Amino acid sequence: MIGRWTLRGAASEYTVAVPDHGRWLELVAWGPPGVSDGPSPVAYDGPVPFLTGGDAAPVEHATETGRPFAGADLVVGSRAAPRFTGADADADGEGGHALAVRFADDVNGLRVTLHYRIPPGTDVVERWVELANDGPEPLRLERAGSAGFSVPTPHGARVSYQWGQWAQEFQLDHVDLGHGAFLVGSAQGVPGHRYAPWLAVRDRGDEAQAWGFALAWTGSWEIEAERDTGGLTRVRVGRRLVDGPLELAPGERLTLPTAAGAFSAEGLAGLARAWHGYQRRLAGERLGARPVLYNSWEATYFAVDAGGQLELARIAAEIGVETFVVDDGWFTGRDDDTAGLGDWTPDPAKFPGGLDAFVADVRGLGLRFGLWIEPECVNPRSRLYAEHPGWVYSVDGRPLTEIRNQYLLDLGRPEVAEWVHGTVDGLLRKHAIDYLKWDFNRPRTEAGRAADIDGGHVTNLYRVLDELRRDHPHVLVEACAGGGARTDLGMAARADVFWPSDNTGPLDRLAIQHGFLHANAPHLLSSWVTDAPGLFDPRPRSLAFRFVLAMAGVLGVGADIRHWSAGQRAEAAGWIRRYKEIRDIVVHGSVHLIGGPGQDRCAVQYTAPDERTVVVLAWHTGRLDGAGLLPARPVRLPLRGLAPAARYRAGERQFSGSHLGSVGLPVQWTATHDADAVVLHRIA
Ligand code: GLA
């Protein structure tokens, strides 16, 4: 063996080795601390009839010569297919948190460095690949996957994934894989609504151990899990090269997006906590309680006018909202979705006194102020398009594809990226704005240039967002793409919160949030209380239900509160007050997902870092008729991670940790009491 290295996480380790032949790096073991101390569960050096050794080996990042039949991560094309001969490595020996292993092909000049890092305190291994062409000829990368991960699944693989569509994102589902492959992905230039860039694999014989996968890339992507006849499931994670092969010119370097792998010995719920911990690190100093916001979209849609918005803001301030966001419709020419995108100046007809006077009025109510913006898109009916028709993705001589009556700006071009940056930066400098909802309401259809368009768009999007965040650190950014189509780890590092779905109907939303929280931390979950019946989901639920649901992440209100009764406003004020008391625990606490939207038990438990306070948000998912009238015992919500001998108090009630863990917190639903927020304090 040329080398063997172990990377250590908080409750996991990841061991890799370069075998004597030096042609690839392979996994030795990935699991709880100490798992590498024994025969590898994934190694194989037996016979491989009609295959090569690499096809059966747990190769970490395979070329087509290393793994010719079972699927490679890096495909350069047969004429230049790399064949590595030696490897060397740099490991940070002390912490065991980082590793770089280098391979080179002397014939074509390709050099590949596989980077590994487990951010301290997490159970997520980040993997990224640097490619360099040191040869005389250009190299064409037909496939440029970021990583292959190997999972031992001797009894069959249980693959969990999230499917969806607009207004129905993050639907958690599972499929059992005996043999063959399961593929999710997007060719839309955004992660998309159809699948979340997230996958989990468990062995069907032991579902407690879970391995998870995700990609930090806000463009087209794919994740594929394939179980081989030997019981190994290999997960390939990377970009989908929708614009054709990538060209790597002589002397050029390229870093592929980071793939992330997570491990938990506590099933999917534990895996969710691994992702949450990692995303909290991504947020860095920006992690903290998010303001309670009001967003006027569902109340006024495009019919924005200063008077109406101010009336909403006045009531929002009264009930305890902290940030008031004007959604779509505030800029010139924007009376519906057929015109205006691109012309980001406040409409004087809607703000006769000017936007600044309006903002001053909003601020005078003690609120901060936010705006919706969709700066990468343009309507054909706009000044911007009239002036720069050549800035959109288009193919010469062909009609353009309109989606939601709009085109997409070619952000990969420097002048367009500069315009987008300058426009948003200008708005932030000119007006007192604390919050941006950054939307993106159409996928890319046209290619237009012979280039890596997907890569160019994402790279410049990141650059623009990074610069804006650097120069305007107080401005919070909410990422949205017609709901949750731009939810991935690349965006989680650059946005403060995600708008996961346009569907705010209570029971639909419960399912959306249930899936979302499996992959994303609560500080990233923006959720509004809207009017009943919901736009999509008319099933009746109480105002309390809708508040408790929105409190599971970052609470917002999106209803037309001008029409709320004094009683409703008072109830809302009460919930908002309670949310402010618990939101630090929601953001920083350890999350336990209890049951789910299709079950009698449905709750989320948040345990404060000091473990002295536990917040339980619970919902009644079943029929309301008869609830509380017909004989029924309370639903019991088994809480997790509490010290058995400790005592907890919730109002007048007291429980032991053991009782809460084994029997569960009782909640008694009635037709009018269909949700609750219970706060338990440790008293002994
Ligand atoms: C998208 C968003 C909505 C809203 C509208 C405005 O659909 O998801 O929340 O902002 O755009 O046009």
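A polar contact is a pair of N or O atoms within 3.5 Å; within protein, one atom must be able to donate a hydrogen and the other to accept it. In the present structure, which is a predicted model, such a contact of 2.8 Å joins the side chains of Arg583 and Glu322. Arg583 is placed in helix 12, which spans residues 566–588. With a relative accessible area of 12%, Arg583 is buried.

A further buried arginine is found in strand 17, where Arg239 lies. The relative accessible area of Arg239 is 8%. The side chain of Arg239 makes a polar contact of 2.7 Å with the side chain of Asp452. The two side chains also meet in a salt bridge, with a distance of 2.7 Å from N to O. This pair links distant parts of the chain, 213 residues apart: Arg239 belongs to strand 17 (residues 232–239), while Asp452 sits in the loop between strand 26 (435–438) and helix 8 (453–471). The partners fall into separate accessibility classes, since Asp452 is partly exposed at a relative accessible area of 28%, whereas Arg239 counts as buried at 8%.

Salt bridges were then considered across the structure as a whole. Side chains of opposite charge can pair when their charged atoms come close. The model holds 38 salt bridges. One of them is formed by Arg102 and Asp88, whose closest N and O atoms are 2.7 Å apart. Because Arg102 lies in strand 6 (residues 98–104) and Asp88 in strand 5 (residues 87–91), the pair ties together parts that are 14 residues apart in sequence. Arg102 counts as partly exposed, at 25% relative accessibility. Asp88 is likewise partly exposed, at 40% relative accessibility. This pair does not stand alone, as Asp88, Asp90 and Arg102 are linked in a network of salt bridges.

Another salt bridge is formed where the side chains of Asp508 and Arg539 meet, at 3.1 Å from N to O. Asp508 lies in helix 10 (residues 506–519), and Arg539 in the loop between strand 29 (526–529) and helix 11 (543–550), so the pair ties together parts that are 31 residues apart in sequence. The relative accessibility of Asp508 is 23%, which places this residue among those that count as partly exposed. Arg539 is also partly exposed, at 43% relative accessibility.

In contrast to the salt bridges, disulfides are absent: the structure holds zero. For Cys480, the closest cysteine sulfur is that of Cys377, and the sulfur of Cys480 is 11 Å from it, too far for a bond. A disulfide requires a pair of cysteine sulfur atoms within 2.5 Å, so this distance does not meet the criterion. Cys480 counts as buried, at 1% relative accessibility. Cys602 is buried as well, with a relative accessibility of 5%.

The surroundings of the ligand were examined next. The ligand has 13 residues around it, of which Asp327, Asp328, Arg404, Lys437 and Asp502 come nearest. By class, this shell comprises six charged, four nonpolar and three polar residues. Oxygen atoms of the ligand approach N or O atoms of the protein at several points. For the side chain of Asp502, the distance between such an atom and a ligand oxygen is 2.6 Å. A distance of 3.0 Å separates a ligand oxygen from an N or O atom in the side chain of Asp439. At Gly483 the backbone is involved, with an N or O atom 3.1 Å from an oxygen atom of the ligand. Taken alone, the ligand exposes 300 Å², and the protein buries 96% of that area.

A final position concerns a loop. Asn108 lies in the loop between strand 6 and strand 7 (110–117). Although placed in a loop, Asn108 is buried, with a relative accessible area of 9%. The C-alpha atoms of Asn108 and Ala81 are separated by 8.1 Å, and the two residues are 27 residues apart along the chain.

Note on methods. Residues are numbered from 1 along each chain as its sequence is written. This is a predicted model: local features need pLDDT of at least 70, side-chain atom pairs count only at pLDDT 80 or more; totals for chains, interfaces and linings use all residues. Side-chain values use heavy atoms; hydrogens and water are left out. A salt bridge is a side-chain nitrogen of Lys or Arg within 4 Å of a carboxyl oxygen of Asp or Glu. Helices (H or I, at least four residues) and strands (E, at least two) are DSSP runs, numbered from the N terminus. Buried means under 20% relative accessible area, exposed over 50%, partly exposed in between (1.4 Å probe, protein chains only). A residue is near a molecule or strand if one of its heavy atoms lies within 4 Å of it. Accessible areas come from the Shrake-Rupley method with a 1.4 Å probe; for residues, only the protein chains shown count as cover. Ala, Val, Leu, Ile, Met, Phe, Trp, Tyr, Cys and Pro count as nonpolar, Asp, Glu, Lys and Arg as charged, and the others, Gly among them, as polar.
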